[in-house]
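I opened this notebook to record a few things I looked up, namely internal space, cysteines and one aromatic side chain. The entries below follow the order of my searches.

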Amino acid sequence: MRKLMKVLDGEAFDIPPIWLMRQAGRYLPEYRETRKKAGGFLDLCYNPDLAVEVTLQPIRRFGFDASILFSDILVIPHALGRNLDFREGEGPVLDPITVDEINALNTDGFLEHLKPVFETVGRLREELPTETTLIGFCGAPWTVATYMVAGRGTPDQAPARLLAHQDPSSFQKMIDILIEASTKYLIKQLKSGADCVQIFDSWAGILGGDQFQRWCVEPVSRIVSNVRKEIPDAKIIGFPKGAGVQNFGYRKMTGIDCLGLDWSVPIEQAKTLQQEGAIQGLLDPLRVIAGGKALDEGVDQIIDNLSDGPLVFNLGHGITPQAPIEHVEQL
């Protein structure tokens, strides 16, 4: 069994498996060259030849223990019929969805639209080293919905929060559609060759109390349950970024195997959470930019405190384009 998969089963290693969120990305010159060939970012996501290439690039260069599919969480609303564009310097831009348009989301051709992604997954499993874990992923319904409502990322995703308060039934309808689509998407990735999957809830930290329970916990719980009805032994990582104290209980309530933690989680809290099962993350991405002593100290703190339990070494969020390659080598 691959090393990362053993950790998801609860095994501990003195030297834990390592991968980095956004490890295939703009900090690599070979990625930037491939991106130019693709044209737009979505063209890169939907071109299996190029998507396989950029996914393999960090494995060739650094030999990470896991590789994550190169794609984006917003291919799901795109496959549901929403316009999507990635603009240089702006990031993703969608047409903000209206209540009437929620009912018109096209779920019929959803999986057909994403066939290139599944081809990429299958080819990656064939081309990756045998010992390298292949991770598939999707965005959590809450996070994807925030982009669909606002049309882009905003400081606190207030448009989605407001809609959820003003018209919870319509917002629930959209969440239900995203749960069904995400379930099918993850099942197909696992059947195409992914060893495990991760659910990114990048905007979980802006909700609290009953809103966190309704819009973050319950949708992920339903996805995990539905995936396991089809694939009983599916291994699933959950990453509720910014959840803070709401990380406690998240694993049990959702059924995930591994809990992703951002860099704001205190090491003592991480140790407590690790008693329940595997954890992943914690290192501040800015330490990779800083390098030197700051990076060494960040790494040592995590290893010294957590390597006696099930740990997947990772950053507390994605690696940034400013990260020098020599600092990744140092890491």
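I sorted the residues that line the largest cavity by character and got 4 nonpolar, 1 polar and 2 charged. The model I am working from is predicted. By name, the residues of that lining are Leu-80, Thr-107, Phe-110, Ile-177, Glu-180, Ala-181 and Lys-184. I then asked which helix gives the most to this lining, and found that helix 11, spanning residues 168–192, does so with 4 residues. The volume of the largest cavity comes to about 40 Å³, and my search of the whole structure for cavities of 30 Å³ or more returned 1.

Next I turned to the cysteines, where a search of the whole structure gave 0 disulfides. Cys-216 is in no disulfide, and the nearest cysteine sulfur, that of Cys-138, lies 13 Å away. Cys-258 is likewise in no disulfide, with the sulfur of Cys-196 as the nearest cysteine sulfur at 8.6 Å, whereas a pair would have to be within 2.5 Å to count. I noted that Cys-216 is buried at a relative accessible area of 0%, and that Cys-258 also counts as buried at 0% relative accessibility.

Last, I looked up Tyr-250, which lies in helix 13, residues 250–254. Is Tyr-250 buried or exposed? Tyr-250 has a relative accessible area of 0%, so I entered this residue as buried. Leaving aside residues up to four places away in sequence, I listed its contacts as Phe-212, Val-217, Val-220, Pro-240, Gly-255, Ile-256 and Leu-259. I also took the C-alpha to C-alpha distance from Tyr-250 to Thr-55, which is 30 Å across a sequence separation of 195 residues.

Technical notes: Residues are numbered from 1 along each chain as its sequence is written. This is a predicted model: local features need pLDDT of at least 70, side-chain atom pairs count only at pLDDT 80 or more; totals for chains, interfaces and linings use all residues. Side-chain values use heavy atoms; hydrogens and water are left out. Buried means under 20% relative accessible area, exposed over 50%, partly exposed in between (1.4 Å probe, protein chains only). Helices (H or I, at least four residues) and strands (E, at least two) are DSSP runs, numbered from the N terminus. Contact means heavy atoms within 4.5 Å. On a 1 Å grid over the protein atoms alone, a cavity is a set of points where a 1.4 Å probe fits but cannot get out, and a pocket is an open set with protein on both sides within 12 Å along at least five of seven lines; lining residues have an atom within 4 Å of a point. Grid points are joined across faces, edges and corners, and a volume is the space filled by probe spheres set on the points. Ala, Val, Leu, Ile, Met, Phe, Trp, Tyr, Cys and Pro count as nonpolar, Asp, Glu, Lys and Arg as charged, and the others, Gly among them, as polar.
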